[in-house]
Amino acid sequence: MKIPIARPFIGDEEKAAICRILESGMLAQGNEVASFEEEFRTFIGTREAIAVSNGTTALFVGLKALGIGEGDFVVTTPFTFISSATSILHCGARPLFCDVDDRTFNLDPNRLEDLLKQKRSIKAIVTVHLYGLPSLMPEILSLSGRYGVPVIEDCAQSHGAGIAGKLTGSFGTLSTFSFYPTKNMTTGEGGMITTGELQIADRCRMLINHGSRRRYEHETIGYNFRMTDIAAALGRVQLGRLAAFNQKRRENAEYFTAAFQSLPGILVPLEPAGYTSVYHQYTLRIALRRDALAGSLAEGGISTGIYYPIPVHRQPAIQPFIESIDYPRAENLAREVLSLPIYPLLTDDEREEIANLVVAFMKGELA
């Protein structure tokens, strides 16, 4: 495609950082990971940050650190990537889906409260800040306190997003991030857990390091989910660029919203007052001819994405473990969403070309 759906930025500073680690000979378990953790912790505003091998292991370890296991239920969204649910299953627990708000695409607090009233074995809530927009955290945290159920933020798509100046990753009991190449910042692969609770952080550090605090002393059954120094070096540079990356994404989003918001048949992304989205994706809702629009853009050399065409509760691997498949809002979104290129490297000319083609199609000029 002439204009891809994603294009990671890797510049000379990133390349130099990686070369520095390669030349040092300390590729893993050196000081680079600790430095990245400290810088990320400071950025998010939490007491602790634990670097891990990827976003899925971050979520799995976070659940394990909270003691989630057999017989437990964990509430999450059906409109997300499958790892939000499989991480729960890997702990021996079961996902309990909560349908979403159809404008924010995130957990609907009203439906969440219905679930919390009904299920006494719910041990955690995993809310996903989808497409870079924070979930309705004040309402979710109020329910968390009322029912005594901890909140895990899945921040895989929300690096730098926030509510009234407070960043995602600092609201919940713990939070998890992904640094996959298409994210707002990348380490190639990699992830991070943030928390304000020292005991949880200590538990996470043991779990990712074979259950060990000190070499050759293993207090619990753990895993090898550590981040490499190579990944951390890349992450430190990318973290320094994140504010500029996010600002460019927001500028691109503002341009598209101005071009599309008056078009019939399109709903542009919502950004509630006081909320700051970082537009990991710029996702339209198109009730009619969504696939035809995607095809028309593809003919023009513009790649688009449908995130996610099959809701998690409809996945064959998940269905044996869930109680219900009645999540109409998630299913409607799966039929209607279409994401456009929004990444920081998108040029003004490319942005204009995308907008012009979408407008022309929706006005019937490219039928």
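**Exercise 1. Salt bridges across the chain**

Find how many salt bridges the structure holds, and work out which parts of the chain Arg 7 and Glu 350 link.

*Solution.*

Step 1. The structure holds 23 salt bridges, where a salt bridge is a side-chain nitrogen of Lys or Arg within 4 Å of a carboxyl oxygen of Asp or Glu. Keep in mind that this is a predicted model, in which local features need pLDDT of at least 70, side-chain atom pairs count only at pLDDT 80 or more, and totals for chains, interfaces and linings use all residues. Residues are numbered from 1 along each chain as its sequence is written, and side-chain values use heavy atoms, with hydrogens and water left out.

Step 2. Arg 7 and Glu 350 form one salt bridge, at 3.8 Å from N to O. Arg 7 sits in the segment before helix H1 (12-24), while Glu 350 belongs to helix H11 (residues 348-362), and the two are 343 residues apart. Helices (H or I, at least four residues) and strands (E, at least two) are DSSP runs, numbered from the N terminus.

Step 3. Now check the surroundings. Arg 7 has a relative accessible area of 27%, so this residue is partly exposed, whereas Glu 350, at 15%, is buried. Here buried means under 20% relative accessible area, exposed over 50%, and partly exposed in between (1.4 Å probe, protein chains only).

**Exercise 2. A pair starting in helix H7**

Identify the element that holds each partner of the salt bridge between Asp 202 and Arg 213.

*Solution.*

Step 1. The side chains of Asp 202 and Arg 213 meet at 2.2 Å, N to O.

Step 2. Asp 202 lies in helix H7 and Arg 213 in strand E10, so the salt bridge ties together parts that are 11 residues apart in sequence.

Step 3. Asp 202 is partly exposed at 27%, and Arg 213 is partly exposed at 42%.

**Exercise 3. The buried residues of H7**

List the buried residues of helix H7, then name elements that cover them.

*Solution.*

Step 1. Helix H7 covers residues 198-208, and its buried residues are Ile 200, Ala 201, Cys 204, Met 206, Leu 207 and Ile 208.

Step 2. Their cover includes strands E1 (48-52), E8 (174-178), E9 (191-195) and E10 (212-214), together with helix H3 (55-65).

Step 3. Look at Leu 198, which is also in H7. Leu 198 is partly exposed, at 42% relative accessibility. Leaving aside neighbours within four places in sequence, Leu 198 is in contact (heavy atoms within 4.5 Å) with Arg 47 and Glu 48.

Step 4. After H7 comes His 210, with a positive phi near 60°.
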